[in-house]
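Work through the exercises below with the model open in your viewer. Try each task before reading its solution.

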Amino acid sequence: MRHFTSIRQLGSLEEALKAAKYVKENPFADQALGRNRTALLVFFNNSLRTRLSTQKAAMNLGMNVMVLDVNQGAWKLETERGVVMDGDKSEHLLEAIPVMGCYADVIGVRSFARFQSREDDYNEVILNQFIQYSGKPVFSMEAATRHPLQTLADILTIEEHKTKARPKVVMTWAPHPKALPQAVPNSFAEGLDMTGYDFVIANPEGYDLAPEFTRGIKVTHNQDEALEGADFVYAKNWASYEQYGQVLSKDMGWTVTSEKMALTDNAFFLHCLPVRRNMIVTDDVIESPRSLVIPEAANRVVAAQTILKMMLESL
Amino acid sequence: MRHFTSIRQLGSLEEALKAAKYVKENPFADQALGRNRTALLVFFNNSLRTRLSTQKAAMNLGMNVMVLDVNQGAWKLETERGVVMDGDKSEHLLEAIPVMGCYADVIGVRSFARFQSREDDYNEVILNQFIQYSGKPVFSMEAATRHPLQTLADILTIEEHKTKARPKVVMTWAPHPKALPQAVPNSFAEGLDMTGYDFVIANPEGYDLAPEFTRGIKVTHNQDEALEGADFVYAKNWASYEQYGQVLSKDMGWTVTSEKMALTDNAFFLHCLPVRRNMIVTDDVIESPRSLVIPEAANRVVAAQTILKMMLESL
Amino acid sequence: MRHFTSIRQLGSLEEALKAAKYVKENPFADQALGRNRTALLVFFNNSLRTRLSTQKAAMNLGMNVMVLDVNQGAWKLETERGVVMDGDKSEHLLEAIPVMGCYADVIGVRSFARFQSREDDYNEVILNQFIQYSGKPVFSMEAATRHPLQTLADILTIEEHKTKARPKVVMTWAPHPKALPQAVPNSFAEGLDMTGYDFVIANPEGYDLAPEFTRGIKVTHNQDEALEGADFVYAKNWASYEQYGQVLSKDMGWTVTSEKMALTDNAFFLHCLPVRRNMIVTDDVIESPRSLVIPEAANRVVAAQTILKMMLESL
């Protein structure tokens, strides 16, 4: 595996979960792999979990880490080719990316959907320029359409808590004040499709995800029906794909409350965080003993370390 | 010692000073202790000395270090429980803190008084949430009411320069254009109370510190009288505790000048820095050979390393 | 060599290039030198290449690294002595610098020309305060008048690509929308003067560099004439030295185009980056196989590591 931008690139999810289990039990066992190797983590957007868990994962592997917040302390970057650069942008991605490549052995990139053009976002313009021009292995720390390190941590968390071979997992849309990208739900759908779980997506009309991510997956516009018998509830907001980037609804009838959780089979609650309390989920649900949001976040180190280890092994 | 938020938690100051002396002479002797341990330093506020000296201390101990500036590159954090999070804050401390706890072995927190509510500040709302929810040992890198790493460095510096067993130490208020927290003077009073020094606090009326920090300590409103025969002058501004957070005076008659220093017994000058020159202290006093501000700042590494070492030993 | 602020301090350029070659071939060979040593990198201005390449160089040498962005997360710094500090600046450089010195073994400083006073800029007020007050070896990561790490990387790149003992190197001014410092061209002129190359500077009238940097060097106001027979074209914008800090021309007739490059002897193209495309240089020239901007940037690690190694050897 040279680049890691989608959970599908793992090939065998089973093997990846086995590798993750090993990493979790032996976090410091592979420091020879990372010695004198540098991970460069490039952030075009905010980050808490990804920033810390990926640093931690790289250090566990004995790597050197450099963090670059592109919008703090570096230069404003031009992304369009052919432009006469007489404005406020001092540097072009076409130089900045290969330069970063010179200083790193692997590059992590966070670059959210910008909602200016569905085509640009779904073509992963920024991430793909890193792959094309950096000359180094690139991994996504959440790009415009996917967040595969999150998905790997999510599935690992489900695997650790499931009590049946084929649990029912419901990913439900929930309300949020602002337009959020589809990266997490797309990626979760992609990952769950690789499991044998009974997987259902519930969202209001107008919020269906891009068809390439939901092909063959049950989608319903009735949340209550979906929640029935669920073993895991994965809540997430996203903006509309069809009316791209629009907030069509803030319907608090979709908030995950204890009444909603009562419809399930005593389900666990999952969310990738950060979460808007009392919009996405009520205080009592997220604080309940069935909430897995913290172990799920803790598994972000394991997911990042598993992937970095695979990338180091391929160098 | 699990958490370190007050100099009083040291129990024996004498033992701590002995430990500090060892650390200063053998800065790299304990790297086995820190190996594969991660210190997460969380800043809600600006920092120069604390940021650098704590990183240095952790690295001297062989630890990995991650620095998080909460207001740069992370998410705006909600602190009130029960809020419908439909505003500009994307994440709740109740999630952010345990998440940070997952990625660290010890957590340093800088969180200044906000002067919105004396009760909230004096209850150390932010720091205590880290203690309650992170699941990890927490140390203060200056909180709302105390700055114990500073105090330890201060006392260490006095110990290194005193020429009598029981020096006279005067902490004097001095003018400043803005409202500053009471953390440093509170903490210094707390620490000096553990020594056998002759300790006096001088401040204008209306500037008495909170009674729990000055119990049994001599407080005067006459600076000249206090300075008489002093061996050490510790200058500091703070806003009023009684009229909480107010600037009641900018009286330049309290500035520490060479005329004021002439009242002392050729005293050393101390200040925690950053210092406003020619408000708190004149150029000539801070630049004089009796000024200890730089060795005092250098001792911040020793203080942080002493505390981190104790915390590592308790893990 | 205690401090490194000018390429002239290298004494023998030949020896330095030999040392650089060794470092490039053996990047991890000298980690014993840097063990338990801390490099503090202080940025008063933006940086991408310098930030990453200097961190990388220090880590290659086994050092600990701390990065301080003065304008992010630290305190606003006063630089004038004698001021009553009652404004928005909380700390004076006269304290901040020796404090930083306490926490570091070597200090890198980036501090651009501010264009408020030619005298202040050309006296290197900030950099020299670090040298005077930090108590530690200081190296320039681009100061007001020179960028010697860049120059060393530039010459190394020319050495690696030249096909004659005495190549013709042309440094040409090119248009830019904003006023840029003269540090890079000054420093390049200073460095090239130490080589045996045929060196020519081409710039419009009013753009002659400070005489101390061009003494004995060919300067022409005719770009086409200069480019004739060139083996290397080094493009760079700078603001006027004579009418200090002014932008006197944005003449796109000085942009480096393929027509201009056709005048040369199939020259290589160099630029320190960041570069404004289609102002300084056209897309086709910078993307051509004769463009060396990326290997030149890669050599920044080598340059920084060569200098840091020399500084460590002198500790």
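The exercises cover symmetry, interfaces, a sheet, a helix and the nonpolar core.

This is a predicted model: local features need pLDDT of at least 70, side-chain atom pairs count only at pLDDT 80 or more, and totals for chains, interfaces and linings use all residues. Residues are numbered from 1 along each chain as its sequence is written, while chains are lettered from A and ligands numbered from 1 in the order in which they are written.

**Exercise 1. Symmetry**

Find the rotation that superposes chain A on chain B, and name the relation.

Solution.
- Superpose the copies by least squares on the C-alpha atoms of residues with pLDDT of at least 70 in both.
- For chain A on chain B, the rotation is 120 degrees, with 0.0 Å of shift along the axis and an RMSD of 0.0 Å.
- That is the relation of a three-fold axis.
- In chain A, A:Gln72 comes closest to the rotation axis, its C-alpha at 4.8 Å.
- Now take chain C on chain B: the rotation is 120 degrees, the shift along the axis 0.0 Å and the RMSD 0.0 Å.
- The C-alpha of chain C nearest that axis belongs to C:Gln72, 4.8 Å away.

**Exercise 2. Chain A against chain B**

How many residues of chain A are in contact with chain B, and which element gives the most?

Solution.
- Count two residues as in contact if their C-beta atoms, placed from the backbone, lie within 7 Å.
- 28 residues of chain A then meet 25 residues of chain B.
- Assign elements as DSSP runs, numbered from the N terminus: helices are H or I with at least four residues, strands are E with at least two.
- Helix H3 (49-60) and helix H13 (293-313) of chain A each give two or more residues to this side.
- H3(A) gives the most, with 7 residues.
- Sort by class: Ala, Val, Leu, Ile, Met, Phe, Trp, Tyr, Cys and Pro are nonpolar, Asp, Glu, Lys and Arg charged, and the others, Gly among them, polar.
- The side of chain A that touches chain B has 15 nonpolar, 6 polar and 7 charged residues.
- Only 4% of the interface residues of chain A are also interface residues in chain B, so the copies meet through different surfaces.

**Exercise 3. Chain C against chain B**

Repeat the count for chain C and chain B.

Solution.
- Chain C brings 25 residues to the contact and chain B brings 28 residues.
- S2, strand S4 (91-92) and helix H4 (93-102) of chain C each give two or more residues.
- H4(C) has the largest share, 6 residues.
- By class, this side of chain C has 13 nonpolar, 8 polar and 4 charged residues.

**Exercise 4. A sheet in chain C**

What is the strand order of the open sheet in chain C, and what lies across it?

Solution.
- Two strands pair if DSSP finds at least two bridges between them.
- The order is S2-S1-S5-S6, with parallel pairing.
- Strand S2 (64-69) and strand S6 (138-140) are the edges, each pairing on one side only.
- Strand S1 (residues 38-43) and S2(C) pair over 6 bridges.
- C:Leu41 has C:Val67 as its bridge partner in S2(C).
- For angles, fit axes to C-alpha atoms, for helices over the stretch in contact, and run from 0 to 180 degrees between N-to-C directions.
- Helix H3 (residues 49-60) of chain B lies across S1 and S2 of chain C, at about 170 degrees to S2(C).

**Exercise 5. Burial**

How many residues of helix H4 (residues 93-102) of chain A are buried?

Solution.
- A residue is buried if 20 or more other C-beta atoms, placed from the backbone, lie within 10 Å of its own.
- In H4(A), 10 of its 10 residues are buried.
- Among them are A:Leu93, A:Glu95 and A:Cys102.

Terms used. Buried ≥ 20, exposed ≤ 12 C-beta atoms within 10 Å, placed from the backbone.
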